[in-house]
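Let's take a walk through this protein together, starting at its surface and working inwards. Please keep the viewer open as you read.

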Amino acid sequence: MYSRREFLSSFSGASAGILFVGCGVVESALASAQSGVRGKRRQVTIGGQRVLTVDVHTHVLIPEALDLVKAYKETESIQNQFASARGPGYDVHIVDARLERMDREGIDVQVVGINPFWYWAERDLASQIVQIQNEAIAKLCASHPDRFVGLASVALQFPELAADQLEHGMKKQDMRGCLIGGSVNGEELSAPKFYPFWERAEQLQAFVFIHPQRFPEAESRLQGNGFLSNVIGQPLETTVALSHLIFEGTLDRFPKLKICAAHGGGFLPSYSGRMDACLIAFPATCKPVKKEPSEYLKQLYFDSIIVTGEGLRHLVATAGVSQVLLGTDFPTDWNSKGVDHVLGTSSLSDADKKAILGGNAAKLLRIDPQLAGRSIHGAKDKPEAGK
């Protein structure tokens, strides 16, 4: 019987320098290793046709980057997460463990990125963190180009540097965009200081995934039971960020941006009509932009982490099916049944489901839609009817 540590150190599929974050992944991989088989890859079909599935919201951590900042109090939270009592579930250096879960859940391609924990860092340190992380992500994606697509880390507290890092990542490391927070040290993403970054992102046609970190301004009221700092704070951060991008004219200035908001866009899609009504009720403080504020939702993209079928139906009705992409928040369990969440939403047509599961993402991220017909080893899959 292997111990976890023996298993981790002996597994032949390890990718050095990559730490995947999440509980339960080791257990499933351990079971597969003991049986000698990684498990059959789930093949998602709709109407008898094999469908590409692309998960645009997944996380990864790089141990070398965490080691670089372990002495800084600003990273205490993420370091505690890394070393918490749930530790074995986080200590996964093995790509095969991630692939095993992807196969089980029916995910063909993951888009991997890192939540920014380095916005506090001075320029040289931030540059080192970004370099280490982007090199590791690029190495992962190059090792399994049919299964992983990377989003670059950028030091957005230095907008010009972030623009250069994004360009380097996309042109030299085959990144498809970047992952950023919902604010930067208390500054809104709509602030003019970030225009150089947005301008470059638009020029590069980068996929910019906005992932909230928290909403510190409300922390005193989000204490207590219910993990409200996450349950409410995370979507609130996204809601505020998107609202400023709309009302401050950023989306008018850079209309070709490809921005995707985590967790279904927070609360904004559910209450966007109030923005339109504000123009009439309070014209002195709600000044017009180039179109109805709610219309900008059709200019943004959203992942499918909206929890319920009714929520997904409403998101599609509000933003349009072309703006919604599959997301799971891997390796957490916020939407671990992401594929079935889409397949089980009865209000969606087959065409809608195909678009959300992978068709939309394939266009945005330059992913070959024919990957749906290949196994991890390059052989053709044989779809099973009704899966």
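A nonpolar patch, as the word is used here, is made of Val, Leu, Ile, Met, Phe, Trp or Tyr residues that have over 30% relative accessible area and no salt bridge, with their side chains joined within 5 Å. Bear in mind that you are looking at a predicted model. With that in hand, find Phe227, Val231, Ile232, Phe267 and Trp334, which together make a nonpolar surface patch of about 470 Å². Ile232 is a good member to click on: it sits in the loop between α10 (228-231) and α11 (233-247). Is Ile232 buried, exposed or partly exposed? Its relative accessibility is 33%, so Ile232 counts as partly exposed, because that class lies between the 20% and 50% cut-offs.

Now zoom out for the overall picture. The protein is built with 17 helices and 12 strands. It has 387 residues, and 57% of them count as buried. About 16800 Å² is exposed, with carbon and sulfur atoms supplying 54% of that area. Among contacts with a separation of 6 or more, 77% are between residues 24 or more positions apart.

Next, let's go inside, beginning with a strand. Strand β3 (residues 54-59) is mostly covered, with six of its six residues buried. Which strand does β3 pair with, and in what sense? Its partner is β4 (residues 109-113), and the two run in the parallel sense over four bridges. To see one of these pairings, pick Asp55, whose bridge partner in β4 is Gln110.

A helix comes next. In α9 (residues 195-204), the buried residues are Tyr195, Phe197, Trp198, Ala201, Glu202 and Leu204. What do these buried residues pack against? Their neighbours are the helices α8 (159-172), α11 and α12 (250-253), along with the strands β6 (177-180), β9 (207-210) and β10 (258-261). Just after α9 comes Gln205, which has a positive phi, near 55 degrees.

The cysteines deserve a stop of their own. A disulfide is a covalent bond between the sulfur atoms of two cysteines. How many does a search of the whole structure find? There is one, and it joins Cys278 to Cys286 with an S to S distance of 1.6 Å. The link between Cys278 and Cys286 is right-handed, with 60 degrees about the S-S bond. Cys278 is buried because its relative accessible area is 16%, and Cys286, at 9% relative accessibility, counts as buried too. Two further cysteines to look at are Cys141, which is buried at 13% relative accessibility, and Cys260, which is buried with a relative accessible area of 0%.

Finally, compare two loop residues on either side of helix α16 (338-343). Lys337 lies in the loop between β12 (324-325) and α16, and with a relative accessible area of 62% Lys337 is exposed. Lys337 and Val307 are 30 residues apart in sequence, while their C-alpha atoms are 9.7 Å apart in space. Thr345 belongs to the loop between α16 and α17 (350-365). At 4% relative accessibility, Thr345 counts as buried. What does Thr345 touch, not counting residues up to four places away in sequence? Its contacts are Gly309, Leu312 and Lys353.

How values were computed:
Residues numbered from 1 in each chain as written. Predicted model: local features only at pLDDT ≥ 70, side-chain atom pairs only at ≥ 80, totals over all residues. Heavy atoms only, no water. Buried < 20%, exposed > 50% of the residue type's maximum accessible area, 1.4 Å probe, protein only. Contact = heavy atoms within 4.5 Å. Areas by Shrake-Rupley, 256 points an atom, 1.4 Å probe, with all protein chains shown as cover. Patch = residues over 30% accessible without salt bridge, like charges linked within 9 Å, V, L, I, M, F, W, Y side chains within 5 Å. Salt bridge = Lys/Arg side-chain N within 4 Å of Asp/Glu carboxyl O. Pairing = 2+ DSSP bridges. Disulfide = S-S within 2.5 Å.
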